[in-house]
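Here's a quick walk through this model, from the whole chain down to a few single residues. Have the 3D view open while you read.

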Amino acid sequence: MLGIRPATPTAPHLNLVRCLFFALLVTAPFQVVAQTTPDVAAERALAMKLYDQNKFADAIPIMENLVRALPADTVLLERLGWSTLVVSASIKDPEARKQARARALELLNRAKALGDNSELLQTGLAALTQPDDTNVPFSSVKEADAALREGEAAHSRGDLDSAIKGYQRALELDPKLYMAALFIGDMYFKKGYQAGDLKTKQEMTVAAGEWFKRAIAIDENIETAHRYWGDALMAVDEEEQAKAKFIDGIIAEPFKRTPYMGLSQWAQKYKVHMSHPQIQQPKSTMTSSSSDQQTTILVDPKKLPEGSPEYYWSFYDLTRATYKTVGFQKDHPGEKVYRHSLSEEASALRMVAEIASRDQQDGKLKTLDIALENLLKLYKADLIEAYVLFARIDEGLARDYGDYRKTNRGKLRRYWHDFVIAKQSKF
């Protein structure tokens, strides 16, 4: 369940079709919400079969007839809306394509008005509020762009083999075309889903993974191939491998909604609870003011009994107060205006942890509240920065993420594996 587009040019195939396809694997079976005659039921079954086979163009006229007989069938409305949006990408006439997108939006809004509030529906509505990117080229290589679009047209007809050929030609013409490698993997995933036996599904998953790997080699900081790979692995019940791919997707693009949706589906399927460490620090008892490169700090000693949580967290406040006038310019000489930074936040938390750890070793700190206990675990694992970047993120901290990830991808992975997803947390 995804849909927020990556930074590179995309088409509805990437933003929509893939997410709805996998979402159908993990959601509960639909229910027909109106009485149907045998003929209507048979037509509905045929439409759903065509839809599952990715034959969206063939499914649309049947579903258009059905929505008149079943106007309250939210699943039918949702799938017709998706199909219409997918096929609109292959409509060359701008006005006709605009009308198709408007029809897709109408259908999805009707489903929403009837109570459909799925992630899939929200994704579709969000995509339709964005500009139509159909004419945005996939590649600066004209021939590669044309080949990829041929693949897209074949995909919308449900001809997965021809789609693969188109995408492969595109990748040959432009070896750095991320979307081509991604889409090939996606087609193999769909071929596996449509297969009737587990062995073929597994073979197609392996084939899909090879192409997702190629996409990741082109750009590992786009989340989509990581997540698609996780989807494919989860579909054949490769629990641990799927988890690793979903985590890599989050690390690739942590400020987008879609990679988290992949991991959430994984947790739902395997009944795993996930949460960041709880570190709720007490209200600050310190005030500070700065002027002329000097910082004045006021502390009420009566409120800071040694060994209390407030005592240790006062060092967090102290570190941040002094950092603003001294540390920021030292750590960020190229920036003229102060902002909240990773070095500041991590230094402040580390100061608390170092003093608490020292006092614990010396026997001065007998018991820890949950916040200090969790902070010390992060400190000993050297994962304070990873915690900050995922659990305390703000606009200033986000600016430091890319540089930290360049040399610390392993720590970011370890944070998710060891702290957010606990092995003993199944429910």
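Starting from the outside, the protein chain has an accessible surface of about 20200 Å², and 53% of that belongs to carbon and sulfur atoms. Keep in mind that this is a predicted model. Of the chain's 427 residues, 50% count as buried. In terms of secondary structure, you're looking at 19 helices and 4 strands. Now take the contacts between residues at least 6 apart in sequence: 66% of them join residues at least 24 apart.

**A helix pair to look at**

Find helix α2 (residues 38–52) and helix α4 (residues 74–88): their axes come within 12 Å and cross at roughly 40°. Angles under 35 degrees would count as roughly parallel and 65 to 115 as roughly perpendicular, so α2 is oblique to α4. The crossing of the two is left-handed. Which residues make the contact? On the α2 side they are Arg44, Met48, Tyr51 and Asp52, while α4 brings in Val75, Leu76, Arg79, Trp82 and Ser83. Sorted by type, the residues of this contact come out as 5 nonpolar, 1 polar and 3 charged.

**Two residues with positive phi**

Next, pick out asparagine 54 and lysine 271. Asparagine 54 has a positive phi even though it is a residue other than glycine, and lysine 271 is likewise a non-glycine residue with a positive phi. Here they are side by side:

| Residue | Phi | Loop | Relative accessible area |
|---|---|---|---|
| Asparagine 54 | near 65° | between α2 and α3 (56–69) | 0% |
| Lysine 271 | near 55° | between α13 (258–270) and β1 (272–274) | 47% |

Is asparagine 54 buried or exposed? With a relative accessible area of 0%, asparagine 54 is buried, because buried means under 20%. Lysine 271, at 47%, is partly exposed, since exposed would take over 50%.

**Arginine 169 and its surroundings**

Last stop: arginine 169, which sits in helix α8 (residues 160–173). Its relative accessibility is 38%, so arginine 169 counts as partly exposed. What does arginine 169 touch, leaving out residues up to four places away in sequence? The answer is Ala147 and Glu150. You can also check the spacing to glutamate 143, which is 26 residues apart from arginine 169 along the chain: the C-alpha atoms of these two are separated by 9.0 Å.

Definitions and conventions: Residues numbered from 1 in each chain as written. Predicted model: local features only at pLDDT ≥ 70, side-chain atom pairs only at ≥ 80, totals over all residues. Heavy atoms only, no water. Axes fitted to C-alpha atoms, helices over the stretch in contact; angles between N-to-C directions. Parallel < 35°, antiparallel > 145°, perpendicular 65-115°, else oblique. Left-handed = near helix turned anticlockwise from the far one by under 90°. Contact = heavy atoms within 4.5 Å. Nonpolar A, V, L, I, M, F, W, Y, C, P; charged D, E, K, R; others polar. Buried < 20%, exposed > 50% of the residue type's maximum accessible area, 1.4 Å probe, protein only. Areas by Shrake-Rupley, 256 points an atom, 1.4 Å probe, with all protein chains shown as cover.
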